[in-house]
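Let's take a walk through this structure, one piece at a time. Have the sequence and the 3D view open as you read.

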Amino acid sequence: MSVLVLVEHEGGAIKDASLSTITAAQKLGEVHALIAGSGAEAKQAADAAAKISGVTKVLLADDAAYANMLAENVAPLIAGMMSGYDALLCNATSVGKNVAPRVAAMLDVMQVSDVLSVESADTFTRPIYAGNAVATVKSSDAKKVLTVRGTAFAKAAASGGNASVETVGGGGDAGLSSYVGAETSKSERPELTSAKVVVSGGRALGSSEDFHRVIDPLADKLGAAVGASRAAVDAGYAPNDYQVGQTGKIVAPEVYVAVGISGAIQHLAGMKDSKVIVAINKDEDAPIFQVADLGLVGDLFQIVPELTQKL
Amino acid sequence: MKILVPVKRVIDYNVKPRVKMDGTGVDLTNVKMSMNPFDEIAVEEAIRLKEKGAASEIVVVSVGPQKAQDTLRTALAMGADRAILIMTEQEVEPLAVAKLLKAVVDEEQPGIVLLGKQAIDDDCNQTGQMLAALTGRPQGTFASKIEVKGDNVEVTREVDGGLETVSLKLPAIVTTDLRLNEPRYASLPNIMKAKTKPMATKTPADYGVDIASRLTTLKVEEPAKRQAGVKLGSVDELVGKLKDLGVVA
């Protein structure tokens, strides 16, 4: 079976989520990596992809139309390549979730979203109902289109491979959409979905000022990424890209510290596979304590600064 | 400009789903059902676009069982103008839903189709993107802001790195994220009024779409349960535990 993986990259470097997707792809067959992008950065990413262990060929599509991964331009490129492949795997990230279904429909394939495990060439497990159930599904489509949950697969080694790089062309700009701009949060902290430690704040923080005043120093002390509950993001205490949960980011760090988060099922869906969960909450009946390994009941405004200071 | 809003009847947001003992699915008997929350946001946004004068008519459509009528009535009570129910008791996958919606789009020619980004039951996050592919229209997924500007619609999207804005040529497909708006509650007079708004009932066969499933669910299980751990008495204890875990030196 030959598998095409849409590999995400930024600044010439491969995204961690794609390394996990490559591991999932290796369970299905021979893995080719597609780098879609523009200019020197795409070239650099293709060279990096060629070194990933398990990748046997890299396909580089270099066109200004692919620079911002607009689905209208990238989906036809991929669909055009799929005659040579049995499966397409993308990350279950905002890029993969945007592009993969567009390709799937072009191929008349029913996509399997958010794959947790590869049981066989046509059978996969995936979470449904905010992760309250896990379904095992078998696809009858001749080709498979999957998005892969990064936290469910180990990362492929970024070195050790020696794949060839080939250039591929697509239709370029479909003329349907254009990229206007982005507001991205720049941070010195590790990326939320791949951090070893995550400190998340909830509505109990009460304001944006207090969120940062209380959460940031603890995160800095632990070398952690910062996350937030939906309630905290909706209230404007933290930006949208901090959100952990069913519709936000899925994280599974070594340690997840939930501060002032009650633990709605939608939030638990995003973090319950963390190795150790620490909960700090003033309500001892909060549902977060039902999944926490270590709980501390009390006022977060006293506990967290004290914890930060004593660590 | 006409706006088409597909809506889905799903388990209520506040209900904890229970997996059936026989492993065939999630138990939905006597469970409260509601409009998918993301679809509610889509209905609200359509109404706001109409209130701003950017839209002239709002058509809501649902693919589902007879009871999906209730979901459509809710959308009509919020402010949609008319409804189409494509009735089937079968479970319909996103690809087939997208094909049905394509047929509706061909008939209705909406300027914008506004959908929820995902349904909270199957969590697929596919229908809008698939509809965009089938209709050859651009897609603005995970929208937190929508602005119609002449022949284009500008969509601000919630992406992993923050926010991103794209400009799409109309007609376009847009899927909603959580922070696009806060849906209104229908007032009692509007609920009464909704009862007389038109609702057409169709079947998948009327559109000539094959809705046979491509995926077979072999089993549905509860995920491994986490054991509740210990409650600690002091910050010092927590510091000790974190040190034992090697999180801090």
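## A run of strands in chain B

Let's start with a pair of residues: B:Lys145 sits opposite B:Thr156 in β8(B). Keep in mind throughout that this is a predicted model. That pair belongs to an antiparallel match between strand β7 (residues 139–149) of chain B and β8(B), joined by 6 bridges. The hairpin of β7(B) and β8(B) has 2 residues between the strands, and B:Gly150 takes a positive phi near 65° there.

On we go to strand β9 (residues 162–169) of chain B, which pairs with β8(B) over 8 bridges, again in the antiparallel sense. Here B:Val153 has B:Leu168 of β9(B) as its bridge partner, and the hairpin from β8(B) to β9(B) runs through 2 residues. So how enclosed is strand β8 (residues 152–159) of chain B? Largely, because 6 of its 8 residues are buried.

## Where the chains meet

Now for the two chains together. On chain A, 72 residues are in contact with 65 residues of chain B. The chain A side of that contact breaks down into 36 nonpolar, 21 polar and 15 charged residues.

Strands cross over between the chains as well: strand β10 (residues 133–139) of chain A pairs with strand β12 (residues 215–221) of chain B, antiparallel, over 6 bridges. If you want a spot to zoom in on, A:Ser139 stands opposite B:Leu215 in β12(B).

## Two covered helices in chain A

Helix α1 of chain A covers residues 16–26, and 9 of its 11 residues are buried, so the rest of the structure largely encloses it. The buried ones include A:Leu19, A:Ile22 and A:Ala25, along with A:Ser18, A:Ser20, A:Thr21 and A:Thr23.

Helix α3 (residues 71–81) of chain A is mostly covered too, with 8 of 11 residues buried. Among them are A:Val74, A:Leu77 and A:Ile78, but also A:Glu72 and A:Asn73.

## The nonpolar core

In soluble globular proteins, nonpolar side chains tend to be buried together. Which residues touch the most other members of the largest nonpolar core here? In this core of 194 residues, they are A:Val5, A:Leu34, A:Ile35, A:Ala49, B:Val5, B:Val60 and B:Ala75. The element that gives the most to this core is helix α3 (residues 94–108) of chain B, with 8 residues.

B:Ala75 makes a good last stop. Setting aside neighbours within four places in sequence, B:Ala75 is in contact with B:Val5, B:Val7, B:Met35, B:Val43, B:Val60, B:Ala80 and B:Ala83.

Terms used: Residues are numbered from 1 along each chain as its sequence is written. Chains are lettered from A and ligands numbered from 1 in the order in which they are written. This is a predicted model: local features need pLDDT of at least 70, side-chain atom pairs count only at pLDDT 80 or more; totals for chains, interfaces and linings use all residues. A residue is buried if 20 or more other C-beta atoms lie within 10 Å of its own, exposed if 12 or fewer, and partly exposed in between; C-beta atoms are placed from the backbone. Helices (H or I, at least four residues) and strands (E, at least two) are DSSP runs, numbered from the N terminus. Two residues are in contact if their C-beta atoms, placed from the backbone, lie within 7 Å. Ala, Val, Leu, Ile, Met, Phe, Trp, Tyr, Cys and Pro count as nonpolar, Asp, Glu, Lys and Arg as charged, and the others, Gly among them, as polar. Two strands pair if DSSP finds at least two bridges between them. A nonpolar core is a set of buried Ala, Val, Leu, Ile, Met, Phe, Trp, Tyr and Cys residues joined through C-beta atoms within 7 Å.
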